[in-house]
Amino acid sequence: MIRGIIFDMDGTLTEPHIDFQALRRELGVMVGDIVDHLKSVDDAERQRLETILHRIEEDAAVNATLQPGAAELLDTLRARGIKLGLLTRNTRKSVKTVLAKFGLRFDATLTREDGPHKPAPEPVLALAQRWGFQPTEMLVVGDYVYDLRCAHNAGARGVLLVNDKMPEWAHEADYIIHRLDELPGVIERIP
Ligand SMILES: [Mg+2]
């Protein structure tokens with residue numbers, strides 16, 4: 001039985017907005033993990049890159065649009081007594097902007113500032129412990145392979161939301177949905 005669900009934000013609850021290729025060009029980081037890259041450069045360069053990154057992220061947050069059915073889905077799940085988490089590599093500031101804009105509430109919100117990030121298992125394990133659940137009683141819902149690997153690394157299950165075309169790593173998902181309103185049906189099928 002599923003007792004806790006952890007959602008990704010960008011491209012999952014909100015429509016994909018950040019153009020990651022353009023972001024990488026502007027940052028000059030064409031390969032590898034952007035957050036890891038920030039840790040590897042000197043302070044001056046990190047500050048320069050973070051300024052660019054924060055501007056792009058805040059712009060994306062201010063202009064964010066919800067995926068169809070996102071708010072209704074959270075209400076439905078909450079009414080069933082399921083704990084709801086938000087786990088994003090975005091900043092706390094951007095997350096606050098998005099949650100306030102749409103009036104969304106979560107039982108827990110973990111952002112880039114909160115330590116190890118996806119695909120590391122720590123955020124899922126932390127919420128499992130906080131809520132008193134086993135990771136196997138939890139789902140991670142996201143649109144990227146890191147969301148799925150984060151789930152699996154913690155012993156939870158991963159649900160892939162496909163936004164446009166089926167990604168080549170889709171086989172890593174335990175469940176695949178094309179619209180958020182398919183999620184309650186998925187949960188009902190999990191014993
Ligand atoms: Mg995403």
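These legends go with a set of close-up views of a predicted model.

**View 1. Helices H6 and H7 cross at a slant.**
This close-up pairs H6, residues 122-131, with H7, residues 145-154. Their axes come within 8 Å and cross at roughly 55°. An angle like that makes H6 oblique to H7. As for its hand, the crossing of H6 and H7 is right-handed. On the H6 side you'll find Pro 123, Val 124 and Leu 125, and they meet Cys 150, Ala 151 and Ala 154 of H7. Sorted by class, the residues of this contact come out as six nonpolar, no polar and no charged.

**View 2. Inside the largest nonpolar core, with Met 138 picked out.**
The largest nonpolar core holds 37 residues. Which of its residues touch the most other members? They are Ile 5, Ile 6, Val 124, Met 138, Leu 139, Val 140 and Val 141. H7 is the top contributor to this core, giving five residues. Now follow Met 138 outwards, skipping its neighbours within four places in sequence. Met 138 is in contact with Ile 2, Gly 4, Ile 5 and Ile 6, and also with Val 124, Ala 128, Phe 133 and Ala 156. Val 124 turns up again here, having already appeared among the H6 residues that meet H7.

**View 3. Leu 161, a buried residue of strand E5.**
Strand E5 covers residues 157-161, and Leu 161 is found in it. Is Leu 161 buried or exposed? It is buried, because 24 other C-beta atoms lie within 10 Å and the cut-off for buried is 20 or more. Val 141 is 20 residues away along the chain, yet the two C-alpha atoms are separated by 7.0 Å. Val 141 is also one of the contacts of Leu 161 once neighbours within four places in sequence are left aside. The others on that list are Thr 12, Gly 142, Asp 143, Ile 177 and Leu 180.

**View 4. Ala 170, in the loop between E5 and E6.**
Ala 170 lies in the loop that runs between E5 and strand E6, residues 175-177. With 13 C-beta neighbours inside 10 Å, Ala 170 counts as partly exposed. Not counting residues up to four places away in sequence, Ala 170 touches Leu 160 and Ile 176. For a sense of scale, take Lys 96, which is 74 residues from Ala 170 along the chain. The C-alpha atoms of Ala 170 and Lys 96 are separated by 30 Å.

**View 5. Helices H3 and H5 side by side, with Lys 101.**
Here H3, residues 43-62, packs on H5, residues 92-102, with the axes 8 Å apart. The packing angle is about 10°, which means H3 is roughly parallel to H5. H3 brings Glu 57, Glu 58, Ala 61 and Val 62 to the contact, while H5 brings Lys 93, Ser 94, Thr 97 and Val 98. It's a mixed bag by class: three nonpolar, two polar and three charged. Also look for Lys 101, which sits in H5. Lys 101 is partly exposed, with 15 other C-beta atoms within 10 Å. Lys 101 and Val 62 are 39 residues apart in sequence but 8.0 Å apart in space, C-alpha to C-alpha.

**View 6. The other helix pair with H3: H1 running roughly antiparallel.**
H1, residues 20-27, comes within 10 Å of H3, axis to axis. How do the two helices run relative to each other? They cross at roughly 155°, and that makes H1 roughly antiparallel to H3. The crossing of H1 past H3 is right-handed. Leu 23, Glu 26 and Leu 27 of H1 make the contact with Leu 49, Ile 52, Leu 53 and Ile 56 of H3. By class, that gives six nonpolar residues, no polar ones and one charged.

**View 7. A cis peptide bond at Pro 119.**
Zoom in on the bond that joins Lys 118 and Pro 119: it is cis, with omega about 10°. Most peptide bonds are trans. Pro 119 has its place in the loop between strand E3, residues 108-110, and H6.

**View 8. Met 1 and Ile 190.**
Met 1 is found in the segment before strand E1, residues 4-7. Met 1 is exposed, with 9 other C-beta atoms within 10 Å. Ile 190 is 189 residues away along the chain, but its C-alpha atom and that of Met 1 are separated by 6.3 Å.

How values were computed. Residues numbered from 1 in each chain as written. Predicted model: local features only at pLDDT ≥ 70, side-chain atom pairs only at ≥ 80, totals over all residues. Axes fitted to C-alpha atoms, helices over the stretch in contact; angles between N-to-C directions. Helix = DSSP H or I, 4+ residues; strand = E, 2+ residues; numbered from the N terminus. Parallel < 35°, antiparallel > 145°, perpendicular 65-115°, else oblique. Left-handed = near helix turned anticlockwise from the far one by under 90°. Contact = placed C-beta atoms within 7 Å. Nonpolar A, V, L, I, M, F, W, Y, C, P; charged D, E, K, R; others polar. Core = buried A, V, L, I, M, F, W, Y, C linked by C-beta atoms within 7 Å. Buried ≥ 20, exposed ≤ 12 C-beta atoms within 10 Å, placed from the backbone.
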